[in-house]
Amino acid sequence: MKAMLLLVPLLSGLVSAEWIDIDWSKVRPIEDFDHYWRRLPGEMQIFRHLRPTQRITNGQEATPGQFPYQIVLLSNFPAGTALCGGSVLTRSFILTAAHCVAPSESTLAAGGIAIMGAHNRTIRETSQQRIPFSTSGIRRHPLYTAFTLRYDIAVVLLDSPMTFTDRVQPARLPDLDDTRQFGWFTGTVSGFGRTSDASQTISSVVRFTSNLVMTNVECVIRWGTSNVQTQNVCLSGAGGRSSCNGDSGGPLTVQSGGPLLIGVVSFASVRGCTAGMPSVYSRVSYYRPWIELNSNILRV
């Protein structure tokens, strides 16, 4: 597998940058916004208020620095600030789901803030870097369809570059010629989704859970071909372990010479994240050429 050339050397220690204060009481998961649900047919709207779970389900708290590529992504919409996940690509670019930054095919978020190096997003950690981004920095896939969440992927150019440290590192992507489906690999998904069925708040700390990655043939049996296609990868929902609300846009990784980013959280069942349905991700290897064309990742 070819290595990716990143545009800055590794740095360690504390990062000196202007601190951006955030009013977390005004931040909600992207799935709480009207535009997220407006795309679904009327008979599905009942599940908006009947969803039994809203979290990284049946997971555990990460150790600080366990996922140095994990991002907290805050996107500004007319109705408020939405929380999603994301992954570090380079010093200047991050990777996330298109639905985290594009409420429709024709509109984009009014900028926002990306937080790198966070374990507890609500406190002033010396490892954190909080960097704004603008609407002009959002590059969602041109074929993105909000109704079906097809081509649900985006890259975001930050207003200023981040600094790589032991807590902030780029995710490693599959190479262009990597055609593996990763079926039966153990996949790990991480994020800041809600922490209990009764909770109305998103997790303060990074949480994660693991399960087997499914082949697309297996996943299509559960979801159907209209929902899962070649641009998707699925994680088994066995044991009620799943990504869920607040985790959108975050990373799904497997171990292959170290953590390898194979998916971006796209959607789970509206009937509940512990219902046993596979969670569905945008397959990074499918979008690898597009990611390269729309960011400053270079191959050697």
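This passage walks through the overall make-up of a predicted protein model, its strand pairings, its nonpolar cores and three individual residues.

At the level of the whole chain, the predicted model contains three helices and 16 strands. Of its 300 residues, 59% count as buried. The accessible surface amounts to about 12100 Å², and carbon and sulfur atoms hold 54% of that area. Contacts that link distant parts of the sequence are well represented: among contacts with a separation of 6 or more, 74% join residues 24 or more positions apart.

A good place to begin a closer look is strand E7, which spans residues 112-116. Five of the five residues in E7 are buried, and the strand is accordingly described as mostly covered. The cover extends to both faces, with Gly-112, Ala-114 and Met-116 buried on one side and Ile-113 and Ile-115 buried on the other. E7 also has strand partners. It runs antiparallel to E4, to which it is joined by five bridges, and within this pairing Leu-73 has Ala-114 as its bridge partner. E7 is likewise joined to E8 by five bridges, again in the antiparallel sense, and here Ile-115 stands opposite Arg-130.

The loop that connects E7 to strand E8 (129-140) holds Ser-127. Is this serine buried or exposed? With a relative accessible area of 12%, Ser-127 falls under the 20% cut-off and is therefore buried. A polar atom of the Ser-127 side chain lies 2.7 Å from the backbone oxygen of Gly-117. Beyond its neighbours within four places in sequence, Ser-127 is in contact with Met-116, Gly-117, Arg-167 and Val-168. The contact with Met-116 leads back to strand E7, since Met-116 is one of the buried residues there. Not counting residues up to four places away, Met-116 touches Gln-70, Ile-71, Val-88, Ser-127, Gln-128, Gln-129, Ile-131, Leu-158, Met-162 and Val-168.

Met-116 also features in the description of the nonpolar interior. In soluble globular proteins, nonpolar side chains tend to be buried together. In this model the largest nonpolar core has 69 residues, and Leu-73, Leu-95, Met-116, Met-162 and Ile-291 touch the most other members. Strand E4 (residues 70-77) gives the most to this core, contributing five residues. The core draws at least three residues from each of domain 1 (26-40 + 67-170 + 288-294) and domain 2 (185-285). A second, separate core is made up of 11 residues, including Phe-182, Val-213, Leu-252 and Ile-262.

Attention now turns to strand E14 (residues 259-267). Eight of the nine residues of E14 are buried, so this strand is largely enclosed by the rest of the structure. E14 pairs with strand E13 (residues 251-255) through five bridges, and the two run antiparallel; Val-254 stands opposite Leu-260 in this arrangement. The hairpin of E13 and E14 has three residues between the strands, and Gly-257 takes a positive phi near 70 degrees there. E14 also pairs with strand E15 (residues 279-283), in the antiparallel sense and over four bridges, with Val-264 opposite Ser-282.

In the loop between strand E12 (232-235) and E13 sits Ser-248. Its relative accessible area is 2%, under the 20% limit, which means that Ser-248 is buried. Setting aside residues up to four places away in sequence, Ser-248 touches Ile-30, Glu-31, Cys-84, Gly-85, His-99, Cys-100, Val-265 and Ser-266. Val-265 and Ser-266 lie within the span of E14. The C-alpha atoms of Ser-248 and Ala-268 are 9.5 Å apart, with their positions 20 residues apart along the chain.

The last residue to consider is Met-214, in strand E11 (residues 207-214). A relative accessible area of 12% places Met-214 under the 20% cut-off, so this methionine is buried. Which residues does Met-214 contact, leaving aside its neighbours within four places in sequence? They are Gly-183, Cys-219, Arg-222, Cys-234, Leu-235, Ser-236 and Pro-278. The C-alpha atoms of Met-214 and Gly-187, residues that are 27 apart along the chain, are separated by 9.4 Å.

Methods
Residues numbered from 1 in each chain as written. Predicted model: local features only at pLDDT ≥ 70, side-chain atom pairs only at ≥ 80, totals over all residues. Heavy atoms only, no water. Buried < 20%, exposed > 50% of the residue type's maximum accessible area, 1.4 Å probe, protein only. Polar contact = N/O pair within 3.5 Å; in protein donor to acceptor, adjacent residues only side chain to side chain. Contact = heavy atoms within 4.5 Å. Areas by Shrake-Rupley, 256 points an atom, 1.4 Å probe, with all protein chains shown as cover. Pairing = 2+ DSSP bridges. Core = buried A, V, L, I, M, F, W, Y, C linked by side-chain atoms within 4.5 Å. Domains from an automatic or database assignment.
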